[in-house]
Amino acid sequence: MSMINVERLAVSYGKGQQQVRIVNDVSFAVEKGEAFGLVGESGCGKSTILGALAGRNQQWTGRIEIDGEQIGQKRSHGQLAKQQMVFQDPFGSIHPRHTIGRTLLEPLEIHDKDRRQKRVEKALTDVGLPLNFRYRYPHQLSGGQRQRVAIARALILEPRILLLDEPTSALDVSIQAEILNLLKDLREREGLTYILVSHDLAVVAHLCDRVAVMQEGGFVEVATKQQLLDGTVTHPYTRVLMDGSRGYVTSSRNA
Amino acid sequence: MNVMTKPGSFATLHNWLINEDFTSTRQARLHTFYVAWLNLLANPLAFCGFLVVLGLIAVAALAPMIATHDSYAQDLAFALQPISAQHWFGTDEFGRDVFSRLVYGSRTTLYISILVTVVVAPIGFVIGATAGYLGGWVDIVLMRITDIFLSFPSLVLALAFSASLGPGIENAVIAIALTVWPPIARLARAETLTFRNADFVVAAELQGAGMGRILLRHIVPLCAPSIIVRLTLNMSSIILTAAGLGFLGLGAQPPMAEWGAMAASGRQYLLDAWWLTTIPGIAILTVSLAFNLLGDGLRDILDPRNG
């Protein structure tokens, strides 16, 4: 049984005359433990799909099934905890006036979990941060460390799915690799399902098994990792994207 | 900081407070306060304001000990006495000691300004933050109500309310509060709007946080600095409005000591007894100025954009 099942999903913004449809009739399924990539240029609707899956955008039609359960526009706490999101900008995604410990405790309080201190310690250990970081404020942390905190906050509710919205694009290249490897380890260790949004094919190819290429709110092709690596993709737009990222790929091989 | 010159235990404490490698939540919190305190010390004008405000609180709290005479005791034989060793600031038209009345008057001033602040801060925040967070028609309705209150000249509105409710301190507090909350609501709304769609608020929503939790836990810590600054800067206008109402006879009623009312009653004897109006006037000026200086300093210290 697939973890995520999306059928004829359409998402729009705005009301009445100004309503704009961003995503058109998209259908896909993601298996348990799979990492599914969404790539495409800016404004193609990839983050919007993620927003609809996370519960951020409630203006969607179609059918979303998560872990065998059909999801409505309003979600229960249990449904919200099944998937958690990691944001692009680690400087804007953590409350600047809360200590890291406070940030991690917050979801536990909302969901009324027990053994809170133990869970906070486990989350910090899982993302490779020292335990005394819980007393720090975000401004004392580097971008990579903050992104680790954001991942820890997403993991603390023990979700089945992580929704990753360009989790590395605001980071330094060397830190990008660290975060990608952390995400890879976490997926193997915890058996998580990922949906990764990126405009960088190299990042997607590193982490994902299958990639959906998006253009103007729809999928043009769903390619496997092997197809990307071999360059045997079929759709011309995918080739354009691959050509665009080739320079980056070769230079990173030389380095 | 000249840590080296400080005696042992102080240096240890200072190092413990200034060290950013926290080992407990309490240390992290104390560190924030300590850094704010060091910033206050580094800003001489704000520190002067802070000292005067502290002095005002001390005088109000210890009024019976500081006052040299009974502030209500009349002695017509000693009316309108000039400044002397016995009556430091002279006596008024009923022979009451102006210094003692000034000391007790600080209680009235502090009482009014603190009460107004305590009433206004939550009301302004809740209205403004709700409007900013929910948006849509809630925002429109709440903000138009705010606009209506803002479009009245504040002293006239306060006058109208205390005239209709009847003169007295409690009614003066209500009247002043009515004129003070709208700017706070506007400020809270503007601050809320800037954080409304921040990723950390969205993250909390996606974890299932309700509106109450988001406003209290996430928005309050970010709005609090600017609201505190605004309220501190407002203190002086609250004191001035209270004094104005007292001056017009709609605030504190005789024989209660209140600085504005004292200045008003001394007006008739201005040519013969200058101290009756001048001394309370100087007190109002000093305290208003102190609150303004402190507020200005707090703006630099508390502004999250500086941290």
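User: Before we turn to strand 8 of chain A, what makes a residue count as buried?

Analyst: A residue is buried if 20 or more other C-beta atoms lie within 10 Å of its own. The model before us is predicted, and in it six of the six residues of strand 8 (residues 193-198) of chain A are buried, so this strand is largely enclosed by the rest of the structure.

User: Which residues of strand 8 of chain A lie on one side, and which on the other?

Analyst: In a regular strand the side chains alternate between the two faces of the sheet. In strand 8 of chain A, one side carries A:Thr193, A:Ile195 and A:Val197, while the other carries A:Tyr194, A:Leu196 and A:Ser198, and with all of these buried both faces are covered.

User: Which strands does strand 8 of chain A pair with, and is the pairing parallel or antiparallel?

Analyst: Strands of a sheet pair through backbone hydrogen bonds, either parallel or antiparallel. Strand 3 (residues 35-39) of chain A runs parallel to strand 8 of chain A and is joined to it by five bridges, with A:Val39 having A:Ser198 as its bridge partner. Strand 7 (residues 161-165) of chain A also pairs with strand 8 of chain A in the parallel sense, over five bridges, and here A:Leu164 stands opposite A:Leu196. Between strand 7 and strand 8 of chain A the chain passes through helix 6 (residues 173-190) of chain A, making a β-α-β crossover that is right-handed.

User: In what order do the strands of the open sheet in chain A lie, and which are the edge strands?

Analyst: That sheet has four strands in the order 2-1-4-5, with antiparallel pairing. Its edge strands are strand 2 and strand 5 (69-71) of chain A, each of which pairs on one side only, and neighbouring strands are turned against each other by 15 degrees on average, direction ignored. Helix 1 (residues 46-54) of chain A packs on this sheet, where it touches strand 1, strand 2 and strand 4 of chain A, and its direction makes about 115 degrees with that of strand 1 of chain A.

User: How many bridges join strand 1 of chain A to strand 2, and how many join it to strand 4?

Analyst: Strand 1 (residues 2-13) and strand 2 (residues 20-31) of chain A pair in the antiparallel sense over eight bridges; A:Asn5 has A:Ala29 as its bridge partner in strand 2, and A:Tyr13 has A:Val20. The hairpin of these two strands has six residues between them, and in it A:Gly14 takes a positive phi near 80 degrees. Strand 1 also pairs with strand 4 (residues 60-66) of chain A, in the antiparallel sense over six bridges, and there the bridge partner of A:Val6 is A:Ile64.

User: Is A:Val213 buried or exposed, and which residues is it in contact with?

Analyst: A:Val213, which lies in strand 9 (residues 210-215) of chain A, has 26 C-beta neighbours inside 10 Å and therefore counts as buried. Leaving aside neighbours within four places in sequence, its contacts include A:Val39, A:Gly40, A:Phe219, A:His235 and A:Leu241. A:Val39 thus appears both as a contact of A:Val213 and as the bridge partner of A:Ser198 in strand 8 of chain A. A:Val203, by comparison, is ten residues from A:Val213 in sequence and 14 Å from it in space, C-alpha to C-alpha.

User: What does the radius of gyration say about chain A as a whole?

Analyst: For 255 residues a compact globule would have a radius of gyration near 18 Å, and chain A, at 18 Å, agrees with this. Its C-alpha trace spans about 50 × 50 × 40 Å along the principal axes, its secondary structure comes to nine helices and ten strands, and 43% of its residues are buried. Among contacts between residues at least 6 apart in sequence, 68% join residues at least 24 apart.

User: How many residues of chain A are in contact with chain B, and which element of chain A gives the most?

Analyst: In chain A, 29 residues are in contact with 23 residues of chain B. Helix 2 (77-82), strand 6 (83-86) and helix 3 (100-110) of chain A each supply at least two residues of the touching side, and helix 3 gives the most, with four. By class, this side of chain A has eleven nonpolar, twelve polar and six charged residues.

User: In chain B, how many residues of helix 11 are buried, and what covers them?

Analyst: Helix 11 (residues 259-266) of chain B is mostly covered, with seven of its eight residues buried, among them B:Trp259 and B:Met262. What covers the buried residues includes helix 5 (98-134), helix 10 (211-247) and helix 12 (275-302) of chain B.

Terms used:
Residues are numbered from 1 along each chain as its sequence is written. Chains are lettered from A and ligands numbered from 1 in the order in which they are written. This is a predicted model: local features need pLDDT of at least 70, side-chain atom pairs count only at pLDDT 80 or more; totals for chains, interfaces and linings use all residues. A residue is buried if 20 or more other C-beta atoms lie within 10 Å of its own, exposed if 12 or fewer, and partly exposed in between; C-beta atoms are placed from the backbone. Two strands pair if DSSP finds at least two bridges between them. A crossover is right-handed if, with the strands pointing away from the viewer, the path from the first strand over the helix to the second runs clockwise. Two residues are in contact if their C-beta atoms, placed from the backbone, lie within 7 Å. Ala, Val, Leu, Ile, Met, Phe, Trp, Tyr, Cys and Pro count as nonpolar, Asp, Glu, Lys and Arg as charged, and the others, Gly among them, as polar. Axes are lines fitted to C-alpha atoms, for helices over the stretch in contact, and angles run from 0 to 180 degrees between N-to-C directions. The radius of gyration is taken over C-alpha atoms; the globule rule is 2.2 Å times the number of residues to the power 0.38.
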